[in-house]
Amino acid sequence: MHIATAADTQHWWRDAVIYQVYVRSFLDSTGDGIGDLAGVRAGLPYLRKLGVDGIWLSPFYPSPHHDHGYDVADYRGVDPVFGDLREFDHLVADAQRLGLKVLIDIVPNHCSSEHAWFRAALADGPGSEARKRFHFAEGRGENGELPPNNWHAMFGGSAWSRVTEPDGEPGQWYLHLFTPEQPDLNWRDPSVAASFDEILRFWLDRGVDGFRIDVAAGLFKNAELPDSPDPMADERSRDSVNPLAWNQPEVHDVWRQWRAVCEEYTAADGLDRLLVGEVSVPTAREHAKYVRPDELHQAFFFDLLSADWDHDAFRKTISEALTDIAGTGSTVTWVLNNHDQVRTVTRYAGETTTVGPSRARAAALLMLALPGAAYVYQGEELGLPEVVDLPDDVLTDPIFRRTGSRLRVRDGCRVPLPWSGQASPFGFTAGGDGAARPWLPQPEWFAEHATDRALSDTRSFWHLYRDGLALRRNLPQLGEGPLRWLETEPGVLAFERGDGLVCAVNFGLESVPAPVAGTPLLASGDCPPGILPGSTAAWWISDLSTKGTSS
Ligand code: GLC
């Protein structure tokens, strides 16, 4: 087992807070209604002021956008809708000048059906080298009219689609764990690994600080592609997965190789690079395997994101993560929101919509007080609720289409950000009257959350995040380091960080006595001395007289 040393703790990523930029919804510099890289560049001073350590850019590569860029047609370019490579270089340079790290999204499990690799596979026909890059197989049934196995796709329907061969006849089938426009790459073919090695180097040479790796527990499938005992697992929910299609042991070799590439760059210039994986696996223990010392630096720990607003659920989730992941020598990577999930303000609202914002604020202070790294999704710092009533005809999420309009999941958290003013586009698009409307409609009530308003209101979410981030940067107890649980009132989660920094969250609705006397350093809502109101979190500095239990 790796024992953390002083050298480990100097790595910037171990307790970094990274801001997720969903590029098409951040800021539109051209007036076409879609956010772009120049818009991100213009927003960098805002992010610097917020106090994050870096940004993660969602995919900006050339793409037909069946899944908003997670269907990559060229891994080494910029889609004209977002800008070009020159603009990308300017963005990286500006960000780094401001002290912000830049991570880009990389999608190795699948590419776009419009990628040259897949076009060649279609054109070259069965048995060709080009087909080996993907999972092509003969169908079952008398005339091959049935899919090769019973797997379902994450986004609904069969995980297989049949192609028309160059001779015009129906032919082989190919595997896609997401949409048919996202054929899965076959990582058992060495040319796939070799291509990604070059792609990593292409972007590292352009100066990126690291990569967010899409579906990092994917890539390898059981080599025989047998029927699954639970074929609907992937389609049913994100919490159940087809064990034959995910989390295969071979995937760890890929992360070792990618880590080695990063280390090579670090050896040359002394700068740490970061690999953060989107890892959805059933247990914290499985998760921990992805962040062993020679694999990924970080993996998003989604269990907190999926935990209900419940004291016991949060405590159990946090304890498991700290125990299992700390054992690897890495730190936990916390996340409450991202571009695939209902926003916390809405998710925590339950039946009573008024508590959603208070709970989301409390959860934010909790997350920023936990040991390890954290990711903040754009708009989270504005307290944006989910837009739940988008009309069907504007929805673009392939899950909606693929489930026969049953699941409206991911558009509501992707609505373009409000920056200023009283009416849409709220400063999101440049270009005045001639500008196109934002690609998803912004509701009128977005005005209440616009950044100009948030910045001038000291009680806003923005100020809470800004103050929390500033304290986190300055207080030695926060960021990496020990956590000790404190026993306090029922329904209250309380812990001490380092020496005397106490964080407590009241999950209930009623006020309780605070675990620490005196005025808090920072609180997510009104918090008079000695009292912790319902749905509120606070931080205090204390010479603790409270009794505690170690984690
Ligand atoms: C990841 C992304 C999601 C995308 C999927 C397929 O889960 O976060 O947005 O649709 O991978 O690439």
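This passage describes the cores, the ligand site and selected backbone features of a predicted model.

The largest nonpolar core comprises 165 residues. Within this core, Tyr19 and Leu57 have the most contacts. Helix α13, spanning residues 355-369, gives the most to the core, with nine residues. A second core is separate and holds 13 residues. Among them are Leu486, Ala504, Ala523 and Trp540.

The surroundings of Leu57 were examined beyond its neighbours within four places in sequence. Three valines, Val21, Val23 and Val40, are in contact with Leu57. Phe88 and Leu91 also touch this leucine. The contacts further include the run Val102, Leu103, Ile104 and Asp105.

The ligand site was considered next. The ligand has 15 residues around it. Asp67, Asp214, Glu278, His339 and Asp340 come nearest. By class, the shell has eight charged, four nonpolar and three polar residues. Polar contacts to oxygen atoms of the ligand involve several side chains. For Asp340, a polar side-chain atom lies 2.5 Å from a ligand oxygen. For His339, an N or O atom of the side chain is 2.9 Å from an oxygen atom of the ligand. A polar side-chain atom of His110 likewise lies 2.9 Å from a ligand oxygen. Taken alone, the ligand exposes 310 Å². The protein buries 100% of that area.

Backbone geometry shows a few features of note. The peptide bond joining Ser424 and Pro425 is cis, with omega of about 15°. Pro425 lies in the loop between α14 (398-402) and α15 (451-456). Positive phi values occur at Leu225 and at Ser535. Leu225 is not a glycine, yet its phi is about 50°. This leucine sits in the loop between β7 (210-213) and α7 (233-236). Leu225 counts as buried because its relative accessibility is 18%, under the 20% cut-off. Ser535, also a residue other than glycine, has a positive phi near 50°. Its loop runs between β17 (531-532) and β18 (536-541). At 4% relative accessibility, Ser535 is therefore counted as buried.

Leu225 also takes part in the surroundings of His135. His135 lies in the loop between α5 (129-132) and β4 (136-137). Its relative accessibility is 10%, so His135 counts as buried. The His135 side chain reaches the backbone oxygen of Leu185 at 3.4 Å. Beyond neighbours within four places in sequence, His135 is in contact with two tryptophans, Trp160 and Trp173. Tyr174 and Leu175 are also in contact with His135. The consecutive residues Asp184, Leu185 and Asn186 touch this histidine as well. Lys221 and Leu225 complete its contacts.

Pro170 presents a contrasting case. This proline is in strand β6, residues 170-175. Pro170 counts as exposed because its relative accessibility is 52%, over the 50% cut-off. Not counting residues up to four places away in sequence, Pro170 touches Arg162, Val163 and Thr164. Pro170 and Gly518 are 348 residues apart in sequence. In space, their C-alpha atoms are 74 Å apart.

Definitions and conventions:
Residues are numbered from 1 along each chain as its sequence is written. This is a predicted model: local features need pLDDT of at least 70, side-chain atom pairs count only at pLDDT 80 or more; totals for chains, interfaces and linings use all residues. Side-chain values use heavy atoms; hydrogens and water are left out. A nonpolar core is a set of buried Ala, Val, Leu, Ile, Met, Phe, Trp, Tyr and Cys residues joined through side-chain atoms within 4.5 Å. Buried means under 20% relative accessible area, exposed over 50%, partly exposed in between (1.4 Å probe, protein chains only). Helices (H or I, at least four residues) and strands (E, at least two) are DSSP runs, numbered from the N terminus. Contact means heavy atoms within 4.5 Å. A residue is near a molecule or strand if one of its heavy atoms lies within 4 Å of it. A polar contact is a pair of N or O atoms within 3.5 Å; within protein, one must be able to donate a hydrogen and the other to accept it, and residues adjacent in sequence count only if both atoms are side-chain atoms. Accessible areas come from the Shrake-Rupley method with a 1.4 Å probe; for residues, only the protein chains shown count as cover. Ala, Val, Leu, Ile, Met, Phe, Trp, Tyr, Cys and Pro count as nonpolar, Asp, Glu, Lys and Arg as charged, and the others, Gly among them, as polar.
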